[in-house]
Every structure is written in structure tokens, then in C-alpha cells.
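Thanks, everyone; I would like to take a few minutes to go through some backbone details and some charged pairs. Please have the sequence and the structure open while I talk.

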Amino acid sequence: MRKFIAAAVLAVVAATGLSACSSASDPNVLKVGTEGTYAPFSYQEGGTLTGYDVEVARAVGEKLGKQVEFVQTPWDSIFAGLESRRFDLVANQVTVNPERTAKYALSQPYTTSEGVIVTKSDNTTITSLASLAGKTTAQSATSNWSKVAAGAGAKVEAVEGFVQAVQLLKAGRVDATVNDTLAVGEYTKKTGDTGIKVAARTGETSKQAFAARKDDTALITDVDKALAELRADGTLARLSEKYFGTDVSK
């Protein structure tokens with residue numbers, strides 16, 4: 001009877017494509033979660049995933065002797081994907097803050113930037129972070145910028161990403177959007193969109209890092225070592241210059 005049950009289980013395993021060790025990850029593969037819609041950090045170009053975060057992640061994988069596999073995931077579900085072990089690392093401009101430091105294992109930062117407030121070009125009512133009080137902004141619900149906007153007293157309307165936020169802004173459905181100055185600069189450079197402007201800066205500098213599960217400190221230790229090597233050999237500076245024209249890795 002036991003042999004029959006065992007045989008039946010093996011048959012089901014074979015039929016469903018599962019294996020007895022399906023929960024074990026390949027030690028030679030580093031699975032990385034990223035949006036793929038957030039230029040210039042992670043986006044599609046000619047059907048190929050590229051961007052600053054993507055190239056830094058690939059360089060880290062090379063230092064670790066691992067093949068990097070990307071799993072494209074919307075930002076608002078990216079940490080759920082990490083926690084459910086769909087991937088090992090998040091590479092998507094994860095801003096370092098106390099909440100994330102407490103919940104995840106974060107690497108040393110590899111990007112430094114600042115936040116800006118974007119409005120329609122003819123808007124004259126928003127000139128500072130304080131001006132957002134009582135206004136409506138469009139933000140990814142779980143992003144750091146959503147917290148910044150809400151903290152300033154704005155009502156936050158959830159969107160999937162920056163491009164959608166700009167669409168709502170230009171349609172007059174929201175008053176502003178808060179985002180990274182590097183992302184905003186890339187958008188205006190590529191689109192030449194004169195319908196929006198940087199109305200003000202948030203007044204705070206942010207640092208971005210890779211994120212792993214809290215108990216995966218060994219991986220973050222290895223990632224930190226790889227980042228130190230990439231900083232020392234000039235790779236981070238080179239990639240920064242490629243995408244931003246300046247070194248944002250400091």
C-alpha cells in the first residue's frame with residue numbers, strides 16, 4: 001500500500017512538473033525583483049530589460065559568481081514577492097528608512113538622490129513641501145515618496161508608477177507628484193514634456209539600497225562586499241555617468 005501511495009505521489013509530481021526539492025533555490029542563481037517600468041533605473045528598451053539598477057545588480061551577480069535572473073514585479077507588490085520568496089533581492093531604488101531597516105536586510109547604499117515636487121507647468125500655488133497640505137498627489141502607494149507627500153498633508157491617490165502619475169497630473173486629476181529627481185530628469189529628457197515642471201524640492205536627501213529578507217544577512221554581506229569592489233574598481237561611477245552624467249553612487 002505504501003509503495004502504491006509513493007508511486008501515486010511521484011506520478012503527481014511528474015505530471016505537475018514539481019520536484020521533491022522544488023523549495024530549494026539554485027545556489028548559482030540570484031533572483032532579483034525589479035519593476036521594469038521605472039526609467040532610468042529599471043525599464044524595457046527594445047524588448048530588453050536595462051537600467052542603472054539592472055546593470056548594478058548584474059555587476060553584483062558577476063562578483064558573486066552567480067547568474068542573475070530578473071522577476072519583473074509592480075512596485076506595490078515587490079516586497080510581498082520578496083517575502084514569499086519569488087526572488088532573493090529587490091533592485092528598484094529602495095529608499096533606506098527606519099521602517100524598511102527594521103523589516104528587511106538592506107545593503108550599503110549605491111545611489112544618493114533628492115526628492116522633487118512636480119506640477120503642471122502653469123501651477124503657481126505649489127512652491128514648497130508645505131504647499132502640498134490639502135492638495136492631492138499621485139504616488140505608488142508603498143513608495144517612500146507616498147509617505148513624504150502624506151507627511152506634508154497631501155491626499156495621496158495610488159498609481160502604479162511615475163508615468164501614470166504624470167498622466168493624472170496633466171489631466172488635472174491631481175495637483176502634484178513627488179518623486180526622485182533622477183527619475184524626473186530622465187522623463188523630461190526623453191519626452192521633452194513641457195507640460196510639467198519641477199515646482200520645488202522636498203529638502204531631503206535619500207539613499208537607495210538593495211533589499212533582502214531580514215533573515216538573509218549572509219546574502220547582504222556578500223552583496224555589500226561586491227558593492228565595495230564595484231565602487232573601488234570604478235564600475236559604480238561608470239554606470240552612474242552612463243545613466244545620469246554624474247556619479248550618484250557616492
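Let me begin with Arg85, which counts as exposed because its relative accessible area is 53%, and the cut-off for that word is over 50%. Please keep in mind that this is a predicted model. Arg85 sits in the loop that runs between helix H3 (78-83) and strand S6 (89-95), and its phi is positive, about 65°, although the residue is not a glycine.

Gln93 also has a positive phi without being a glycine, in this case about 50°. Its place, however, is in strand S6, and Gln93 counts as buried, because its relative accessibility is 7% and buried means under 20%.

One further backbone detail concerns the peptide bond between Ala39 and Pro40, which is cis, with omega at about 0°. Pro40 belongs to the loop between strand S2 (37-38) and strand S3 (42-45).

Now to the charged side chains. As a general point, side chains of opposite charge can pair when their charged atoms come close. In this model there are 13 salt bridges, and I will take three pairs and then a network.

In the pair of Lys63 and Asp233, the closest N and O atoms are 3.2 Å apart. Lys63 lies in helix H2 (residues 52-64), whereas Asp233 lies in the loop between helix H8 (217-232) and helix H9 (235-244), so this salt bridge ties together parts that are 170 residues apart in sequence. As for accessibility, Lys63 is partly exposed at 37%, and Asp233 is partly exposed at 42%.

What is the distance between the closest N and O atoms in the salt bridge of Asp88 with Arg213? For Asp88 and Arg213 that distance is 3.8 Å. The pair links distant parts of the chain, since Asp88 is in the loop between H3 and S6 while Arg213 is in strand S12 (residues 196-213), 125 residues apart. Asp88 is buried, with a relative accessible area of 14%, and Arg213 is buried as well, with 9%.

The side chains of Lys147 and Glu99 form another salt bridge, at 3.8 Å from N to O. Because Lys147 lies in helix H5 (residues 144-151) and Glu99 in helix H4 (residues 98-103), the pair ties together parts that are 48 residues apart in sequence. Lys147 is partly exposed, at 38% relative accessibility.

Lastly, the network: Glu45, Glu186, Lys189 and Lys190 are joined into one by salt bridges that share partners.

Key:
Residues are numbered from 1 along each chain as its sequence is written. This is a predicted model: local features need pLDDT of at least 70, side-chain atom pairs count only at pLDDT 80 or more; totals for chains, interfaces and linings use all residues. Side-chain values use heavy atoms; hydrogens and water are left out. Helices (H or I, at least four residues) and strands (E, at least two) are DSSP runs, numbered from the N terminus. Buried means under 20% relative accessible area, exposed over 50%, partly exposed in between (1.4 Å probe, protein chains only). A salt bridge is a side-chain nitrogen of Lys or Arg within 4 Å of a carboxyl oxygen of Asp or Glu.
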